[in-house]
Amino acid sequence: MIDGERLLLTKKKTIRVNEDTWIVLFEERIDFSPGQFVMLETPKLVRKPFVLGYWEDHTAISVQVKGKGTKWIVEEAEKIKGHGPLGNGFEKPGKGLLIISPTCLTMAKAFERTMNVDVLVGSRTPILTPLEYETVIGNDEFLKKLSSLPEYDWYLVSGSRSMEKVCWEHLRGKEVYFSLEEYMGCGIGACKSCAVFTESGVKHVCTDGPIFRGDELCWS
């Protein structure tokens, strides 16, 4: 068990999810609330945010390989420095639906532990590992699924910016939340690089989020 902000995580194993996304499991356990994230350090000392979750009962993150830093985490890292957990946790009563990309699979496991949720996964490319969640592949199938969703008490979307926008178009008027993924350098509100415009002014994903209600965000 790890207490405190500074982390040294030991990578246990990785699982490939699709063309560019892996689940990374750690030996250590971290106490966190659903929705919180960690900042992990890469060899160039750049820290990147990853939403915390679980997989196979281990603390885990989902990693989309976008460059050298994320490739190092997936392919080479054995020990990874970081700090966290950061951001605000999320808790809602009622029945919710998580609409997520493969980069948020581990987050869904954390939500399942404390909330009553179903999970819908939308992926651009085929899934390469067995999932227990309903999964749709490709934009056309995803749009078709969104148009036929049953009613839930609330919805939470976590994925690409295009996924966020199309979900907002389909679910506007309902209780919808978005777990935002923005570039950030520190995760503690110092660098101000994760600023977003909201109806009540500029807020920061790291300290005010990362989860925001949809009608709070500025979509234009």
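**Exercise 1. Place Ser-179 in the model.**

Ser-179 is buried, at a relative accessible area of 1%; buried stands for under 20% relative accessible area, exposed for over 50%, and partly exposed for what lies in between (1.4 Å probe, protein chains only). Before going on, note that this is a predicted model, in which local features need pLDDT of at least 70 and side-chain atom pairs count only at pLDDT 80 or more, while totals for chains, interfaces and linings use all residues. Residues are numbered from 1 along each chain as its sequence is written, and side-chain values use heavy atoms, with hydrogens and water left out.

Task: find the element that holds Ser-179, then list what Ser-179 touches.

Step 1. Look at residues 176-179: this is strand E12, and Ser-179 sits in it. Helices (H or I, at least four residues) and strands (E, at least two) are DSSP runs, numbered from the N terminus.

Step 2. Set aside residues up to four places away in sequence. Ser-179 then touches Met-107, Leu-156, Val-157, Ser-158, Glu-164, Pro-210 and Ile-211, where contact means heavy atoms within 4.5 Å.

**Exercise 2. Look for disulfides.**

Task: decide how many disulfides the model has, and explain the case of Cys-167.

Step 1. Start with the idea: a disulfide is a covalent bond between the sulfur atoms of two cysteines. The rule used here asks for a pair of cysteine sulfur atoms within 2.5 Å.

Step 2. Try Cys-167. The closest cysteine sulfur belongs to Cys-104 and is 11 Å away, so it is too far for a bond. Cys-167 is also buried, at 0% relative accessibility.

Step 3. Try Cys-206. The nearest cysteine sulfur, in Cys-194, is 3.6 Å away, and Cys-206 is in no disulfide.

Step 4. Give the count: by this rule, zero disulfides.

**Exercise 3. Describe the surroundings of Cys-206.**

Task: say where Cys-206 lies, whether buried or exposed, and what is in contact with Cys-206.

Step 1. Cys-206 belongs to helix H5 (residues 205-208) and is buried, at 2% relative accessibility.

Step 2. Leave aside the neighbours within four places in sequence. Cys-206 is in contact with Phe-37, Gly-87, Met-184, Gly-187, Ile-188, Gly-189 and Cys-194.

Step 3. Pick out Gly-187 from that list. Its C-alpha is 5.1 Å from that of Cys-206, although 19 residues separate the two in sequence.

Step 4. Now turn to Gly-189, in the loop between E12 and E13. Gly-189 is buried, at 14% relative accessibility, and touches Cys-206 and Thr-207 once residues up to four places away in sequence are not counted.

**Exercise 4. Describe how H3 and H4 pack.**

Task: give the geometry of the H3 and H4 pair, then the residues that make the contact.

Step 1. Two packed helices are described by the angle between their axes and the distance between the axes. For helix H3 (residues 139-146) and helix H4 (residues 161-171), the axes come within 10 Å and cross at roughly 30 degrees. Axes are lines fitted to C-alpha atoms, for helices over the stretch in contact, and angles run from 0 to 180 degrees between N-to-C directions.

Step 2. Name the arrangement: H3 and H4 are roughly parallel to each other. Angles under 35 degrees count as roughly parallel, over 145 as roughly antiparallel, 65 to 115 as roughly perpendicular and the rest as oblique.

Step 3. List the partners. H3 brings Phe-142, Leu-143 and Leu-146, and H4 brings Met-163, Val-166, Cys-167 and His-170.

Step 4. Look at the buried side of H4. Met-163, Glu-164, Val-166, Cys-167, Trp-168 and Leu-171 are buried in this helix, and their cover includes strand E8 (95-100), strand E9 (116-123), H3, strand E11 (154-158) and E12.

Step 5. Follow the chain onward: just after H4, Gly-173 has a positive phi of about 100 degrees.

**Exercise 5. Check the backbone.**

Task: find the cis peptide bonds before Pro-85 and Pro-210, then look at phi of Glu-56 and Lys-192.

Step 1. Gly-84 and Pro-85 are joined by a cis peptide bond, with omega about 0 degrees. Pro-85 is part of strand E7 (residues 79-86).

Step 2. The bond from Gly-209 to Pro-210 is cis, with omega near 10 degrees. Pro-210 lies in the loop between H5 and strand E15 (211-213).

Step 3. Glu-56, a residue other than glycine, has a positive phi near 50 degrees. Its place is the loop between strand E5 (53-55) and strand E6 (58-64), and Glu-56 is partly exposed, at 46% relative accessible area.

Step 4. Lys-192 also has a positive phi, near 60 degrees, and lies in the loop between E12 and strand E13 (195-198).
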